[in-house]
Amino acid sequence: MRIGVFSDSYKPYISGVVRSIETFKEELSKMGHEMVIFAPNYPGAEPEKNVFRFPSVPTPTNNGFYLAVPFTSRLRHFLRENKLDIVHVHSPFILGKLGTRVANELGVPLVFTYHTLYDQYTHYVPFAQELCRGITRKLCVDFCNRCDLVITPTKVVGQYIKDMGVTSPVVNLPTGIRMTEFAHRDKQWLRNTYQIAPDTIILLFVGRLGKEKNIFFLLKCFQLILNRSNHPLKLVLVGEGPEAETLKRYVYDHSLDKAVTFTGKLTRENLIKAYYGSDLFVFSSVTETQGIVIGEAKAAGLPVVAVDSFGVSDMVIHGEDGFLVPHDEEAFVNQVLELIDQPEVRQQLGRRAIANAGEISSQRCAAKLVTFYHQLLQSYTHDKHQESVLL
């Protein structure tokens, strides 16, 4: 099969969507399938086989994200030279809409992965946020209902969009974890690089430093944990984003600067070392459709304490490889303190976390995606044949 993937973000930009596309592309290639990616161009983006880049412009916030300008005379010629069997879009916006038009013109099935709870991001709009939330929900529902198949990373998100009014077929499929990446364990890199003492217990967060990740809640909880624990502790925040400077100022103003480390963006290799060098993964986001970083933390043997919300609830098996707690400071703090005081429990949870991460390996998830594609193609071809007979 040749799958046309339309996405409003791709390398070198870093996000869960990009991570998902990269992971599935690699696994599908091993299975003999070809993925052709249609994405914005970025400064410094290296030429890559089967990647069609659109001219693009930076967003007004200048956060490294570029918006595609989906008008180019090269596209039709490219599509004639690269026949697509199926179109898979990863956004309901600029290139997602273009993908729907391409699927219609080519007469091939249209698949959409609902990566993001878009209606939960209207805090970035400076006015009329509730109105924008309603408009965004309607836009997303209408877009989903134009698709032949909608994929959600977790069951809870699948139910969420059905409750919003999505009537197209919905299936659940997480982005898989590349378990082979976690074969080489370096537990000292994080401590050596950031001068963290051997007896310090490291709490790790990985994610975009944006409002939707709820990091101020995490910092408030960490301050309470510091005050109540007798152990030396360090909170390591990996990532970058629009809230980075505000978060750093908060840390300084509350005298947390010696206990909190901001690493910024890490290379993939060093990110995995950061997972292995930590003792506990803490996650405060309330808008995740999956939370890929939770799966990665588990693959490195880290137990997880996370706020029980949306897709996160499908990624942590409560009491087995981590704990899900209400969006409440005391509940979060008490659970973290309990694990800080019980290293043997952390180890037990960590062993189970590795086993559970293997259940959503990238190989297994890619095989399920191919099955979905084949089933859709068979039914789509049958339906088209029936239409031609009736006509």
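Tutor: Let's start with a rule: two strands pair if DSSP finds at least two bridges between them. Strands (E, at least two residues) and helices (H or I, at least four) are DSSP runs, numbered from the N terminus. This is a predicted model, where local features need pLDDT of at least 70, side-chain atom pairs count only at pLDDT 80 or more, and totals for chains, interfaces and linings use all residues. Residues are numbered from 1 along each chain as its sequence is written, and side-chain values use heavy atoms, with hydrogens and water left out.

Student: What makes β8 and β9 a pair?

Tutor: Strand β8 (residues 149–152) joins β9 over three bridges, in the parallel sense. The rule asks for at least two, so they pair. One match to look for is Ile151 with its bridge partner Val171 in β9.

Student: And how do you know that β1 and β2 pair?

Tutor: By counting again: five bridges join these parallel strands, and Ile3 stands opposite Met35 in β2.

Student: Why is the sheet called open?

Tutor: Its seven strands run in the order β3-β2-β1-β6-β7-β8-β9, with parallel pairing. β3 (51–54) and β9 (170–172) are the edges: each has a single partner strand, so one side of each lacks a neighbour in the sheet. Neighbouring strands are turned by 20° against each other on average, ignoring direction. For angles, axes are lines fitted to C-alpha atoms (for helices, over the stretch in contact), and values run from 0 to 180 degrees between N-to-C directions.

Student: Which strands does helix α1 touch?

Tutor: Helix α1 (residues 16–30) packs on the sheet against β1 (2–6), β2 (34–40) and β3, at about 155° to β2. Touching, or contact, means heavy atoms within 4.5 Å. Helix α5 (residues 155–164) lies across β8 and β9, at about 165° to β9.

Student: Why is Thr23 called buried?

Tutor: Buried means under 20% relative accessible area, exposed over 50%, and partly exposed in between (1.4 Å probe, protein chains only). Thr23, in helix α1, has 2%, so it counts as buried. Leaving aside neighbours within four places in sequence, its contacts are Thr175, Gly176, Arg178 and Ser362.

Student: How do you know that Glu296 is buried?

Tutor: Its value is 3%. Glu296 is in helix α10 (residues 292–299).

Student: What makes its link to Arg268 a polar contact?

Tutor: A polar contact needs N or O atoms within 3.5 Å; within protein, one must be able to donate a hydrogen and the other to accept it, and residues adjacent in sequence count only if both atoms are side-chain atoms. The side chains of Glu296 and Arg268 meet at 2.7 Å, so the pair qualifies.

Student: How are α9 and α10 packed?

Tutor: Helix α9 (residues 268–277) makes about 65° with α10, and their axes are 9 Å apart. The crossing is right-handed, a label for a near helix turned clockwise from the far one by less than a right angle, while anticlockwise is left-handed.

Student: Why is α9 called largely enclosed?

Tutor: Eight of its 10 residues are buried, so the rest of the structure largely encloses α9. Its cover includes α6 (189–193), β10 (201–206), β11 (233–238), β13 (280–283) and α10.

Student: How many disulfides are there?

Tutor: Zero. A disulfide is a pair of cysteine sulfur atoms within 2.5 Å. The sulfur of Cys132 is 13 Å from the closest cysteine sulfur, in Cys140, so that is too far for a bond.
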